[in-house]
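Good morning, and thank you for coming. Please look at the sequence and the structure as I bring them up, and keep both in view while I speak.

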Amino acid sequence: MNSAFETPERPTVAPLLQGASNFRDVGGYPTAGGQRVKRGHVFRSDHLAGLSEADVARLKVLGVRHSLDFRGTAECTTTPYAIEGIGRVALTIEPTVIARMQALVAQGVVPTTEETVALMCETYRDFVNRNADTYSRFMKHLLEQPTPQVFHCTAGKDRTGFAAALLLSALGVDRATITHDYLLTNQLYKRDARLEGQGHPHVMKVLWQVQPEFLNAAFDAVDNQHGGMQNYLHGAISLSPQELAELQKLLLED
């Protein structure tokens with residue numbers, strides 16, 4: 001393949017924004033039912049605080065009217081943004097894995113690579129079980145606001161990655177394809193140079209990348225604790241069968 005964006009089913013897409021390294025359209029993927037996720041309706045990204053004037057103009061050309069922000073309170077304070085004509089919707093999920101790491105360091109404990117991976121997997125299970133209400137608001141907002149939208153957190157990899165996996169699952173995209181989209185972050189995201197040198201290298205390497213194990217931990221929680229994705233969508237995420245059908249009608253094409 002010639003590009004991080006290219007798959008056999010999904011043609012190459014050039015990066016759209018200069019100030020957001022992990023920005024991409026979630027459309028273009030095929031579904032198990034033979035349809036395809038519409039392009040130009042839902043985008044995922046890392047944070048939007050570094051956008052240039054040209055980037056903002058590009059978002060407006062794309063028709064984006066809402067940004068759905070999964071960042072925590074301190075993150076929003078550190079890197080705030082306001083984009084005229086684009087309403088920011090706070091879908092706050094605090095970065096608990098960082099708090100857990102800080103608690104360990106305060107105790108003089110440096111987690112091993114394996115322990116750091118385990119903490120990340122626990123974070124993804126929390127997305128499923130502790131943050132379902134927030135992800136429900138995310139799904140309902142996509143349904144209620146049919147104009148193009150972008151959703152993001154700080155790096156666009158974990159909170160955003162699960163949101164993308166949830167949405168694509170609801171639209172009928174298979175898990176192998178969802179995992180492919182999830183792992184694109186490792187090729188696209190460019191870590192802020194100001195963050196270099198913070199933390200132990202083996203720990204930071206885990207925290208600033210994505211691994212299949214992380215997303216699989218979320219899928220396993222959905223399957224083993226909620227009886228599968230359909231039950232999870234109708235139960236914890238509180239999408240009725242009619243709402244799910246409406247979301248599919250809105251975001252799928254033949």
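In which sense, left-handed or right-handed, does H5 pass H12? Before I answer, please note that this is a predicted model. The crossing of H5 and H12 is left-handed. Helix H5 covers residues 132-144 and helix H12 covers residues 241-251, and the two pack at an angle of about 55° with their axes 9 Å apart. Angles that fall outside the roughly parallel, roughly antiparallel and roughly perpendicular ranges count as oblique, and H5 and H12 are therefore oblique to each other. On the H5 side, the contact is made by Met139, Lys140, Leu142 and Leu143. On the H12 side, Glu243, Glu246, Leu247 and Leu250 take part. By class, the contact of H5 with H12 has five nonpolar and three charged residues, and no polar ones.

Let us stay with H5 for a moment, since threonine 134 lies in this helix. Is threonine 134 buried or exposed? Its relative accessibility is 11%, so threonine 134 counts as buried, the cut-off being under 20%. Beyond its neighbours within four places in sequence, threonine 134 is in contact with Phe70, Leu91, Thr92 and Ile93.

I now turn to a second pair of helices. The axes of helix H4, residues 113-129, and helix H10, residues 212-226, come within 8 Å and cross at roughly 45°. That angle makes H4 oblique to H10. H4 passes H10 in a right-handed crossing. The contact of H4 with H10 comprises 11 nonpolar, three polar and two charged residues. Among the residues that meet are Val117, Met120 and Tyr124 in H4, and Phe214, Leu215 and Ala218 in H10.

Next comes the sheet. What is the order of its strands? The sheet is open, has five strands in the order S1-S3-S6-S4-S5, and shows mixed pairing. Strand S1 (24-25) and strand S5 (87-90) stand at the edges with a single partner strand each, so one side of each has no neighbour in the sheet. Strands of a sheet pair through backbone hydrogen bonds, either parallel or antiparallel.

Strand S3, residues 42-45, and strand S6, residues 149-152, pair in the parallel sense over four bridges. Arginine 44 stands opposite phenylalanine 151 in S6. Helix H6, residues 159-170, packs on the sheet and touches S3 and S6, and its direction makes about 155° with that of S3.

S4 and S5 also run parallel, joined by four bridges. The bridge partner of serine 67 is arginine 88 in S5. In a regular strand the side chains alternate between the two faces of the sheet. In strand S4, residues 66-69, His66 and Leu68 point one way while Ser67 and Asp69 point the other way, and all are buried.

Finally, consider arginine 71, which is found in the loop between S4 and helix H2 (73-78). How is arginine 71 placed, buried or exposed? With a relative accessible area of 1%, arginine 71 is buried. Arginine 71 and histidine 47 are 24 residues apart in sequence, and their C-alpha atoms are 8.4 Å apart in space. Leaving aside neighbours within four places in sequence, the residues in contact with arginine 71 include His47, Tyr81, Arg88, His152 and Arg159. Two further contacts of arginine 71 are Thr92 and Ile93, and threonine 134 in turn is in contact with Thr92 and Ile93.

Thank you for your attention.

Technical notes. Residues numbered from 1 in each chain as written. Predicted model: local features only at pLDDT ≥ 70, side-chain atom pairs only at ≥ 80, totals over all residues. Heavy atoms only, no water. Axes fitted to C-alpha atoms, helices over the stretch in contact; angles between N-to-C directions. Parallel < 35°, antiparallel > 145°, perpendicular 65-115°, else oblique. Left-handed = near helix turned anticlockwise from the far one by under 90°. Contact = heavy atoms within 4.5 Å. Nonpolar A, V, L, I, M, F, W, Y, C, P; charged D, E, K, R; others polar. Pairing = 2+ DSSP bridges. Buried < 20%, exposed > 50% of the residue type's maximum accessible area, 1.4 Å probe, protein only.
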